[in-house]
Amino acid sequence: MEETRIIKPHHITLMNRKNGSITGIKDVISFDLNTILLETQCGMVTVKGHDLHVSRLSVEKGEIDIDGTIDGIMYSDVSAHAKKSGSVFARLFK
């Protein structure tokens, strides 16, 4: 039986480096005041900045709104992130 996945459109909107919204989110991996790590339809997205706050989050809709000073947004492959986190767990549970 084939599994059909609904692909949500992926958009990033940034206003004056202070407010941003991202759609097409599959999962929120982690967030703190300086870094937010998201899994999206297009790979992993890392948002870096200062005093970052998640003002709205809807994983069901795949949307997030971010407030704070945004310094950068970087994409990476999901597989690259999985390899990094796997090695951390491997080191912890040796």
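This is a short tutorial dialogue on reading a predicted model of one protein chain.

Q: What does the secondary structure of the chain come to, and in which pattern is it read along the sequence?

A: The chain has one helix and six strands. Followed along the sequence, these give the pattern β-β-β-β-β-β-α.

Q: How do β3 and β4 pair, and how many residues lie in the hairpin that joins them?

A: Strand β3, residues 25-31, pairs with β4 in the antiparallel sense, over five bridges. The hairpin between β3 and β4 passes through three residues. To see one bridge, find serine 30, whose partner in β4 is leucine 37.

Q: Which way do β4 and β5 run, and how many bridges join them?

A: β4 and strand β5, residues 43-58, run antiparallel and are joined by six bridges. This is also a hairpin, with two residues between β4 and β5. Here glutamate 39 stands opposite methionine 44 in β5.

Q: Is strand β4 largely enclosed or open?

A: A residue counts as buried when its relative accessible area is under 20%. In strand β4, residues 35-40, five of the six residues are buried, so the strand is largely enclosed by the rest of the structure. For the chain, buried residues make up 27% of the 94 residues.

Q: Which residues make up the largest nonpolar core?

A: The general idea is that in soluble globular proteins, nonpolar side chains tend to be buried together. In this model the largest nonpolar core has eleven residues, among them Ile36, Leu38, Val47, Leu52 and Ile70. The elements giving two or more residues to this core are β3, β4, β5 and β6.

Q: Is leucine 52 buried or exposed, and what does it touch?

A: Leucine 52 is in strand β5. Its relative accessibility is 4%, so leucine 52 counts as buried. Leaving out residues up to four places away in sequence, leucine 52 touches residues including Asn34, Ile36, Val47, Ile66 and Ile70. Asparagine 34 is 18 residues from leucine 52 in sequence, yet their C-alpha atoms are 6.0 Å apart. Isoleucine 70, with the same residues left out of the count, touches Leu14, Arg17 and Val47 as well as Leu52, among others.

Q: How many salt bridges does the structure hold, and where is the one of aspartate 71?

A: Side chains of opposite charge can pair when their charged atoms come close. The structure holds three salt bridges. In one of them, the side chains of aspartate 71 and arginine 17 meet at 2.6 Å, N to O. This pair links distant parts of the chain, with aspartate 71 in strand β6 and arginine 17 in the loop between β1 and β2, 54 residues apart. Aspartate 71 is partly exposed, at 41% relative accessibility, and arginine 17 is partly exposed too, at 44%.

Q: Which residues do salt bridges that share partners join into one network?

A: Arginine 56 meets glutamate 63 in a salt bridge of 3.0 Å, N to O. Arginine 56 also forms a salt bridge with aspartate 65, with the closest N and O atoms 2.9 Å apart. Through these shared partners, Arg56, Glu63 and Asp65 form one network.

Q: Which residues make the nonpolar surface patch?

A: Ile12, Leu14, Ile73 and Tyr75 make a nonpolar surface patch of about 320 Å². β1 and β6 are the elements that give two or more residues to the patch. Isoleucine 12, in strand β1, counts as partly exposed because its relative accessibility is 32%.

Methods: Residues numbered from 1 in each chain as written. Predicted model: local features only at pLDDT ≥ 70, side-chain atom pairs only at ≥ 80, totals over all residues. Heavy atoms only, no water. Patch = residues over 30% accessible without salt bridge, like charges linked within 9 Å, V, L, I, M, F, W, Y side chains within 5 Å. Areas by Shrake-Rupley, 256 points an atom, 1.4 Å probe, with all protein chains shown as cover. Salt bridge = Lys/Arg side-chain N within 4 Å of Asp/Glu carboxyl O. Helix = DSSP H or I, 4+ residues; strand = E, 2+ residues; numbered from the N terminus. Buried < 20%, exposed > 50% of the residue type's maximum accessible area, 1.4 Å probe, protein only. Pairing = 2+ DSSP bridges. Core = buried A, V, L, I, M, F, W, Y, C linked by side-chain atoms within 4.5 Å. Contact = heavy atoms within 4.5 Å.
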